[in-house]
Amino acid sequence: SMSDSRTLVRGRVYPMDRPGRVLEWMLLEDGKIAATGEGDPTDDLADTATVLDLRSRTIIPVLHDCHVHFMQTGLMELDVDLSAAEGFDDVLSIVSDAAASYDGILLRAHSFDPDLLPDGRYPTRLELDGVSPKVPVLIKRRDGHSGVVNTAAWELIGVPDDLDGVELDASGDASGTLREEAYTFTVRKSESILTREDRIECFRRAAALAARRGIGVVHSLTGSKVSGDRDVEILLELQDELPVETVIYAQMEDVDRVSALGLPRIGGCLLLDGSFSSGTAALAQPYADREGTGVLYYEDEHLTAFFRRAHAGGLQISVHALGERAIDQAIRCYREACGGEAGDARHRIEHCELPSDEHVNAIAEMGIHPCVQPTFEFLWGGPGGMIEKRLGTERAN
């Protein structure tokens, strides 16, 4: 039993602080590693501790994933997966098959990625109506910054026409594609339909998936400034029962509420800008393959005031910034709010994908912690990849 106060574990132990070394035992005291070693442990150690012999099985340090949309990851386990689609017709076919047997309120599909399809385009609202005239359908792009709905979903969600990001077709009607504020509104509304039981099931499924992947600690970006702290409260109640440890980032700006919940950190994917793939990351120079330089969602004054409140309240802060203009804004507002000292508080910039040399120097000097995702390069990098298409070769490199 691992609950005994002293347990001697025998097996192949790979320590994190000594690469290349393989140890043969470790001593646990009250659930923490007190000692490790090679060869046979001393007799007094072997005699005074409960021995757990793993018979040459291997023990490795547990992985931490420091940026997980935890509830949404569980939701992906429940929703329709479009990642296997090899072309545009596959997308419509998968949605058609799913809609035929669906009896819920809103059919959600995820991992739509036109950059990995030869056709490279979104379906239109009317094309989706053709395969699902009655069942509301919401398709989410893999990056989580744009999507498309059919007419039934457009009416169910009630997307306001005047929100930024509602794409119009040639005749001036909504094409079904949603970006920026319109997409955020739609996703929040779609998640508000979920019951408490749905949400608990999402957290349980995401935790089981993490454990299967060898991840023992998940930094969970939870809740939103629109939907509030409902998911944060559920995860706080549930976290001790999950097979992984969770570090909760409350994605809202209500410093008093987050402090009252007893959490030492605030933010997560509080969006300063969007993404490269949806063309909404805030760039210094225009995109290589489309109009515009992306979008900044915050005014400096508002962001600095939020940073100041959170920093003064002793909270670690985390915000999402991909493009240079967003990274620049994060640094500028951190400097203004924290007096140039972010290190002790461990304030973070999520993604931090396109920093200039000046940004890198400022981040190092102020002690800001970038939290980066190499998976993006795996999915979308390399010659001819989405990042190169959007940014051109120089910026992609």
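Helices (H or I, at least four residues) and strands (E, at least two) are DSSP runs, numbered from the N terminus. With that in hand, asparagine 150 can be placed in the loop between strand S9 (146–149) and helix H5 (151–157). This is a predicted model, in which local features need pLDDT of at least 70 and side-chain atom pairs count only at pLDDT 80 or more, while totals for chains, interfaces and linings use all residues. Residues are numbered from 1 along each chain as its sequence is written, and side-chain values use heavy atoms, with hydrogens and water left out.

Asparagine 150 has a relative accessibility of 0% and counts as buried, a term that stands for under 20% relative accessible area, with exposed meaning over 50% and partly exposed lying in between (1.4 Å probe, protein chains only). Its surroundings can be described through contacts, a contact being heavy atoms within 4.5 Å. If residues up to four places away in sequence are not counted, asparagine 150 touches Arg125, Leu128, Asp129, Ser132, Val135, Pro136 and Val137. For one of these residues, valine 135, the backbone oxygen lies 2.9 Å from a polar atom of the side chain of asparagine 150.

Lysine 140 belongs to strand S8 (residues 137–141), and at 12% relative accessibility lysine 140 also counts as buried. When neighbours within four places in sequence are left aside, the contacts of lysine 140 are Leu75, Arg108, Ala109, His110, Ser111, Phe112, Ser146, Gly147 and Tyr183. Leucine 52, by contrast, is 88 residues from lysine 140 in sequence and 47 Å from it in space, C-alpha to C-alpha.

The next topic is charge. Side chains of opposite charge can pair when their charged atoms come close. A salt bridge is defined here as a side-chain nitrogen of Lys or Arg within 4 Å of a carboxyl oxygen of Asp or Glu, and the structure holds 22 salt bridges. In one of them the side chains of arginine 6 and glutamate 29 meet, with 2.6 Å from N to O. Because arginine 6 lies in strand S1 (residues 6–13) and glutamate 29 in strand S2 (residues 23–29), this pair ties together parts that are 23 residues apart in sequence. Arginine 6 is partly exposed, with a relative accessible area of 26%, and glutamate 29 is likewise partly exposed, at 32%.

Another salt bridge joins aspartate 231 and arginine 199, whose closest N and O atoms are 2.6 Å apart. Here too distant parts of the chain are linked, since aspartate 231 sits in helix H8 (residues 230–238) and arginine 199 in helix H7 (residues 196–212), 32 residues apart. Both partners are buried, aspartate 231 at 6% relative accessibility and arginine 199 at 4%.

Helix H7 also holds a salt bridge between arginine 205 and glutamate 201, the closest N and O atoms being 2.8 Å apart. These two residues are 4 residues apart, about one turn of the helix. Arginine 205 is partly exposed, with a relative accessible area of 34%, and glutamate 201 is partly exposed at 32%. Elsewhere, salt bridges link Asp115, Arg141, Asp289, Arg290 and Arg390 in a network.

Aromatic rings give a further set of pairs. Rings of Phe, Tyr and Trp (its six-membered ring) pair if their centres lie within 6.5 Å, and planes under 30 degrees apart count as stacked, over 60 as edge-to-face and the rest as tilted. A search of the whole structure finds 5 aromatic pairs. Among them is the pair of phenylalanine 306 and phenylalanine 307, whose ring centres are 5.9 Å apart and whose planes stand at 45 degrees, so the pair is tilted. The rings of phenylalanine 307 and tyrosine 334 have their centres 4.3 Å apart and their planes at 10 degrees, and therefore this pair is stacked. The stacked pair links distant parts of the chain, with phenylalanine 307 in helix H10 (residues 300–312) and tyrosine 334 in helix H11 (residues 324–338), 27 residues apart. Phenylalanine 306 and phenylalanine 307 are both buried, and tyrosine 334 is buried as well, with a relative accessible area of 0%. Through these ring pairs Phe306, Phe307 and Tyr334 are linked into a cluster.

Rings can also lie beneath a charge, which is counted if NZ of Lys or CZ of Arg is within 6 Å of the ring centre and within 35 degrees of the ring normal. The charged end of arginine 121 sits over the ring of phenylalanine 88, 4.0 Å from its centre, and that of arginine 265 sits over the ring of tyrosine 249, 5.4 Å from its centre.

Technical notes: Polar contact = N/O pair within 3.5 Å; in protein donor to acceptor, adjacent residues only side chain to side chain.
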